[in-house]
Amino acid sequence: MTAPIELWYWPTPNGWKISIALEEMGLPYEMKPVNIGAGEQFGAAFQAISPNGRMPAIVDPDGPDGQPLSIFESGAILQYLGIKSGQFYPQDPRGKAEVDQWLFWQVGGLGPMAGQTHHFRQYAPAIIKDQRQIAYGVRRYTDETHRLYGVMDRRLADRDYLAGEYSIADMAAWPWVLPELQGQDLAEFPNLKAWMERVGARPAVIAGRALGDDMRRSLAASGEAAKTARKVLFGQRAR
């Protein structure tokens, strides 16, 4: 019996991807909280695992050669876990390509664009007094998120999941579809809405999404604690 996988985590969409995957794959894990609002992601212990200073990251004590292996970047983690478990990540070239393209679409498109939507719609209004200065950012990223919802809706018109069978691509994308926070209406995207409900009803998704939910704090709130957290998250430069 090996030690559980260490999940260095905070309850955000990128963190949920990995907690959902670990639950789906039935891999034993231990959550290691990384309080991003307090700047713990910039500590030496975490940056030894995640040089980019972003969570999530994992440490597998039983790596491919029997030695511990640390991995950062959520897409790389999902691929590794899929290979390790032999689940939700096909290894035939065609099936793998289907999953990879939608995984990378999420990592390079949906996640960053929806993240900027969150920033300009939720956090920037608490930072910048003149709302005219952020109006273009709100419109630009809200519209791009709308476009990406449309991409998923078309893709899901004739299949239940992004790559055909349920896979790590769905685990990656599902946490980032947050219409109320992103200025979107899922009624415009019936296929996406049905997929959200289909994925969201899975017991492992429910459990992974709930991990550490009591630790969440609103970065858009008023008060010194939220102000300090915003400064930590949005004021970083190279060190």
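Helices (H or I, at least four residues) and strands (E, at least two) are DSSP runs, and they are numbered from the N terminus. The structure described here is a predicted model, in which local features need pLDDT of at least 70 and side-chain atom pairs count only at pLDDT 80 or more, while totals for chains, interfaces and linings use all residues. Residues are numbered from 1 along each chain as its sequence is written, and side-chain values use heavy atoms, with hydrogens and water left out.

**Backbone features in loops**

Pro56 is placed in the loop between α2 (44-47) and β3 (57-60), and the peptide bond that leads to Pro56 from Met55 is cis. Two further loop residues, Glu73 and Phe88, have a positive phi although neither is a glycine. The table sets out these backbone values.

| Site | Loop | Value |
|---|---|---|
| Met55 to Pro56 | between α2 and β3 | omega near 10 degrees |
| Glu73 | between β4 (69-72) and α3 | phi about 80 degrees |
| Phe88 | between α3 and α4 | phi near 65 degrees |

Glu73 counts as partly exposed because its relative accessibility is 36%, where buried means under 20% relative accessible area, exposed over 50%, and partly exposed in between (1.4 Å probe, protein chains only).

**The strand β1 and its partners**

Strand β1 is mostly covered, with four of its five residues buried. Two strands are taken to pair if DSSP finds at least two bridges between them. β1 pairs with β2 (residues 29-33) in the parallel sense over five bridges, and Leu7 stands opposite Met31 in β2. Between these two strands the chain crosses through α1, in a β-α-β crossover that is right-handed, meaning that, with the strands pointing away from the viewer, the path from the first strand over the helix to the second runs clockwise. β1 also runs antiparallel to β3, to which three bridges join it, and here Glu6 stands opposite Val59.

**The nonpolar cores**

A nonpolar core is a set of buried Ala, Val, Leu, Ile, Met, Phe, Trp, Tyr and Cys residues joined through side-chain atoms within 4.5 Å. The largest such core has 50 residues, of which Ile58, Leu81, Met152, Val177, Leu192 and Trp195 touch the most other members. Among the elements that give two or more residues to this core are β1 (5-9), α1 (13-25), α3 (74-85) and α5 (135-155), while α4 gives the most, with seven residues. Contact means heavy atoms within 4.5 Å, and, not counting residues up to four places away in sequence, Ile58 touches residues including Ile5, Leu7, Ile49, Leu69 and Leu81. A second, separate core of 10 residues includes Trp10, Val34, Ile36 and Val59.
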